[in-house]
Amino acid sequence: MSTEFEVGDLLPPLTHTVTPFQLFRYSAVTWNPHRIHFDAQHAREEGHAGLALHSHLRAALAVRAVTEGLGPEWRIATVAYRLRRPLYAPVAVTYTARVTAADDDRVTLELVEENPSGEVGFEGTVSATKTDIVDSARLLSVAGATT
Amino acid sequence: MSFTPEPGTALAAYYEATVPRVGTVLSRRRLGMLDATTIGRYAMTIGAADPIHYDRAAARAAGYDDVVAPPNLLAAVVEWGAGTPESNLQPDGTPVDGDMPLGDGLGLRVMGAGEEMELVNPVTAGAELVIETTLDAVTPKNTRSGPCVFITTSNTFMSADGAVLNRNRRTVVLRDPVEEN
């Protein structure tokens, strides 16, 4: 049993409004030329209701809910998710992470994305392992690492 | 109950051409160096404020060699290096002959459907990246939104010395083009 987390614990939810600006920047930084993310007319011609959120952006936001909720001594080990429906910007989304397994150095969480209508658009699981930051910093110091 | 796309459709042509490739290595290539600017820009774009993504000293204090990438950066990048000339992009903008076979020239509609990621080692600035892509599965289904094909690839991201950084298993869904009126 973890001394920090117990099964059923909820991390603070991450609520965020995804805008077309964010989609544009996400397309740019990932060098993604797929038009459904930045060309609304093309997206509608493909049958979408507007600019589609990137699946990886949704995953990144979901994982943020975990990294920010667990704190810096935890590192993400595995992520798995499935998209149930597309989302279109602008949209407010909330990501919640609930602990489903925990021991001293590993936690597993269930991830859910909801939009304001209460629809679940994304489901997944994340596992994280605890690190020993103090030891790592000490080893770097011993090795003569500088900033 | 098994389902196969209707003969004569773009989806059927894609399915028939792609199924024989299941189990094969589609590519193995060098991607180049991941720099600190890309890591910082990715973190900024997703709203990740932790200084380990921007500040080398903060990253080192946290036990990393250099600024560290948010967990799904490698998985999210569509094109590495200079990318595909605009003249070689498909009408929907997707690159021809990308890491994932998307039915070049067939006009299929593409959407991400899910992913499994194993983050084996931290991905830090300066990493010289290599990717190997294997085609895992090509699965036709008849869904509520119509016939489609799910394609799953495995990407293994490695450093130049062969150390595995990430293993990602990604699935996208392909649908027939929208019919012209």
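Strand β3 (residues 74-83) of chain A and β2(B) run antiparallel, joined by five bridges. One pairing fixes the register: A:Thr78 has B:Glu118 as its bridge partner in β2(B). The model is predicted.

**The side of chain B that touches chain A**

The contact between the chains involves 38 residues of chain B and 41 residues of chain A. On the chain B side, four elements each supply at least two residues. They are listed here.

| Element of chain B | Residues |
|---|---|
| α2 | 36-46 |
| α3 | 56-61 |
| α4 | 73-76 |
| β2 | 109-119 |

Which element gives the largest share of this side? It is β2(B), with 10 residues. The strand that bridges to β3 of chain A is thus also the main supplier of this side of chain B.

By residue class, the side of chain B that touches chain A holds 19 nonpolar, 10 polar and nine charged residues.

**Helix α2 of chain B**

Helix α2(B) contributes to the side that touches chain A. Its buried residues are B:Ile39, B:Tyr42, B:Ala43, B:Thr45 and B:Ile46. Viewed down the helix axis, they fall within an arc of 160 degrees, so they line one face of α2(B). An α-helix has 3.6 residues a turn, so residues three or four places apart point the same way.

What do the buried residues of α2(B) pack against? Their partners come from both chains: α1 (20-29) and α3 (55-70) of chain A, and α4 of chain B.

Just after α2(B) comes B:Gly47, with a positive phi of about 85 degrees.

How values were computed. Residues numbered from 1 in each chain as written. Chains lettered and ligands numbered in written order. Predicted model: local features only at pLDDT ≥ 70, side-chain atom pairs only at ≥ 80, totals over all residues. Contact = placed C-beta atoms within 7 Å. Nonpolar A, V, L, I, M, F, W, Y, C, P; charged D, E, K, R; others polar. Pairing = 2+ DSSP bridges. Buried ≥ 20, exposed ≤ 12 C-beta atoms within 10 Å, placed from the backbone. Arc of directions from axis to C-beta.
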